[in-house]
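Please look over the sequence and the model below before reading on. The report that follows takes up helices, sheets and one loop residue in turn.

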Amino acid sequence: MYAREAEVFAAYAAYTDYEIGRVIRAVQDMGKLDNTLIIYISGDNGTSAEGTLEGTPNQMTAYNGILKLPEAELMLHYEDWGSEKTYPHMSVAWSWAFDTPFKWTKQVASHFGGTRQGMAISWPGHINDVGGIRTQFHHIIDIVPTILEAAGIQAPATVNGIAQKPIEGVSMTYTFDKANANAASKRDTQYFEMFANRGIYHDGWYACTTPPVPPWLLGTEKLPEINDYKWELYNIADDFSQNNDLAAKNPEKLRELQALFLTEAAKYQVLPLDNSVLPRLITPRPSATAGRTVFTFSGENAGIPDGSAPSILNKDYTITAEVTVPPGGAEGMIVTLGGRFGGYALYLLKGKPVFVYNLLDLERYRWEGGVGGRDLFSDALKPGKHTIVFDFKYNGPGPGKGGTGVLTADGKLVAAKTIPHTIPFLMAIDETFDIGSDTRTAVDDSYKLPFRFTGKIDKLTYKLGATQMTEDDQKVIRHALERARDCEKAESSLRPSSDR
Ligand SMILES: [Ca+2]
């Protein structure tokens with residue numbers, strides 16, 4: 001299984017390489033390659049260690065706090081790992097190995113395993129040192145100034161009448177010239193920070209905190225106080241992979257860089273530092289749905305983002321669909337969120353109402369008539385108006401608990417079922433809330449996309465109960481909210497007055 005995970009990653013890398021080759025070939029075929037600046041960066045920070053120690057066929061499991069799956073569950077997907085049937089992530093061990101020679105992985109802002117990338121720049125008509133290697137320290141924010149300088153244009157001071165913030169990067173075009181191969185870097189300072197784990201680069205030196213917990217625990221472990229982090233010091237000019245910690249030998253340099261971190265962090269609105277991972281993730285942001293407990297929709301409406309959909313997580317809810325079935329019967333999706341890797345759907349299959357809850361592709365629970373249902377001989381809904389209700393009572397308090405769902409049609413019981421678990425944090429990451437059809441992937445295999453509803457949805461109503469997160473969970477969230485407000489205050493006091 002482990003070998004398979006790495007083979008799929010290798011295949012993905014080869015595939016990406018091939019497809020980017022096609023893009024470059026297309027530019028070449030147009031005869032424009034010599035005057036096209038191509039900047040290629042491989043990776044999204046370091047290799048990700050967010051796929052659990054064994055790896056997972058569905059990354060949504062890890063995002064919902066399931067950090068270990070039975071081996072048999074992984075083996076079920078041996079053949080289709082990497083196909084459209086999986087949303088896979090290789091094991092932490094591979095991710096860590098692929099970041100060699102750096103110490104850590106993606107999500108670790110303090111160490112180059114989390115931030116350092118290979119980059120290639122090509123501009124055949126303009127760069128004379130083909131194949132040359134450059135080692136000047138630069139940051140991703142230097143890409144835009146490089147493009148602007150290469151294109152010979154200035155960044156606009158205003159866009160649509162709105163004054164723009166200054167661009168904080170510096171151009172890298174000086175490195176294009178062979179004569180500047182060993183020139184000093186034009187970037188002398190750069191801070192890094194994520195969940196209060198932090199680093200600061202300055203003139204060949206790098207000071208950083210030691211990650212207090214490994215990134216693959218995904219915020220499930222308590223982190224120390226911000227000021228209690230251990231610090232390390234490296235002379236990057238001689239030690240590019242942060243191997244030789246000089247913190248004990250050169251405390252003065254360390255103090256100088258620690259002070260510089262604070263100056264830079266204040267300047268770029270990093271303060272106050274906040275290492276609460278999960279509360280930060282689930283803290284409500286201003287939104288059209290915040291605090292709303294009743295939602296009504298009518299007609300077809302696909303592609304509503306998860307954040308604007310009614311959230312059925314960790315609470316009681318009732319979904320009521322008032323539909324008209326035309327002569328000849330109806331079928332299709334009434335309402336769905338998510339798909340193959342987690343979500344739910346209420347639909348008519350050959351005219352019969354079905355509710356499916358997909359627990360992260362680990363288990364699917366179905367409420368329906370016919371075999372497996374209470375009403376063994378249920379019929380398709382006849383032409384005319386009908387009311388279908390799915391009512392769920394959550395067994396809280398606390399996140400991810402089970403509950404009892406009851407599906408009725410025109411007041412008549414179709415199916416009732418109690419399930420042991422629900423999805424606690426994140427039901428969909430790249431799928432939407434769809435009414436009247438289903439986009440991206442299907443919640444189960446009993447229908448084919450887009451499964452448009454062939455009747456009419458007169459009215460769809462969601463009624464949500466109060467969240468049943470525990471008092472402790474709520475406290476953490478309230479605390480996070482207060483800190484978020486402090487953060488806003490600190491940020492606005494740091495902004496220049498013309499910017500407010
Ligand atoms: Ca879908």
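What span should the 28 residues of helix H1 (residues 2-29) have at 1.5 Å a residue, and how far apart are its end C-alpha atoms? The expected span is 40 Å and the end C-alpha atoms are 41 Å apart, which agrees; the expectation is taken as 1.5 Å times one less than the number of residues in the helix. This is a predicted model, in which local features need pLDDT of at least 70 and side-chain atom pairs count only at pLDDT 80 or more, whereas totals for chains, interfaces and linings use all residues. Residues are numbered from 1 along each chain as its sequence is written.

**Helices**

Helices here are DSSP runs of H or I with at least four residues, strands are runs of E with at least two, and both are numbered from the N terminus. The number of buried residues in H1 is one out of 28, so this helix lies largely in the open. A residue is called buried if 20 or more other C-beta atoms lie within 10 Å of its own, exposed if 12 or fewer do, and partly exposed in between, with C-beta atoms placed from the backbone. After H1 comes Gly31, which has a positive phi near 75°. Helix H7 (residues 251-267), with 17 residues, reaches 24 Å from its first C-alpha to its last, close to the 24 Å expected, and just after H7 a positive phi of about 60° is found at Gln269.

**The sheet around S11**

Strands of a sheet pair through backbone hydrogen bonds, either parallel or antiparallel; here two strands count as paired if DSSP finds at least two bridges between them. One open sheet holds six strands in the order S9-S20-S11-S16-S17-S18, with antiparallel pairing. Its edge strands are S9 (294-297) and S18 (412-421), each of which pairs on one side only. Within this sheet, S11 (residues 317-325) has S16 (residues 384-394) as an antiparallel partner and is also joined to S20 (residues 456-464) in the antiparallel sense. Thr318 stands opposite Asp391 in S16, while Thr324 has Lys385 as its bridge partner in S16 and stands opposite Lys456 in S20.

In a regular strand the side chains alternate between the two faces of the sheet. Along S11, Tyr317, Ile319, Ala321, Val323 and Val325 point to one face and are buried, whereas Thr318, Thr320, Glu322 and Thr324 point to the other and are not.

**The second sheet and Asp361**

Another open sheet of six strands runs in the order S10-S19-S12-S13-S14-S15, and its pairing is antiparallel. S10 (301-304) and S15 stand at the edges with a single partner strand each, so one side of each is left without a neighbour in the sheet. Ile304 stands opposite Phe433 in S19.

| Strand pair | Bridges |
|---|---|
| S11 and S16 | nine bridges |
| S11 and S20 | eight bridges |
| S10 and S19 | two bridges |

Asp361 lies in the loop between S14 (352-359) and S15 (363-368), and it counts as buried because it has 22 C-beta neighbours inside 10 Å. Leaving aside residues up to four places away in sequence, Asp361 touches Asn58, Arg340, Phe341 and Gly342, where contact requires C-beta atoms, placed from the backbone, within 7 Å.

Key:
Two residues are in contact if their C-beta atoms, placed from the backbone, lie within 7 Å.
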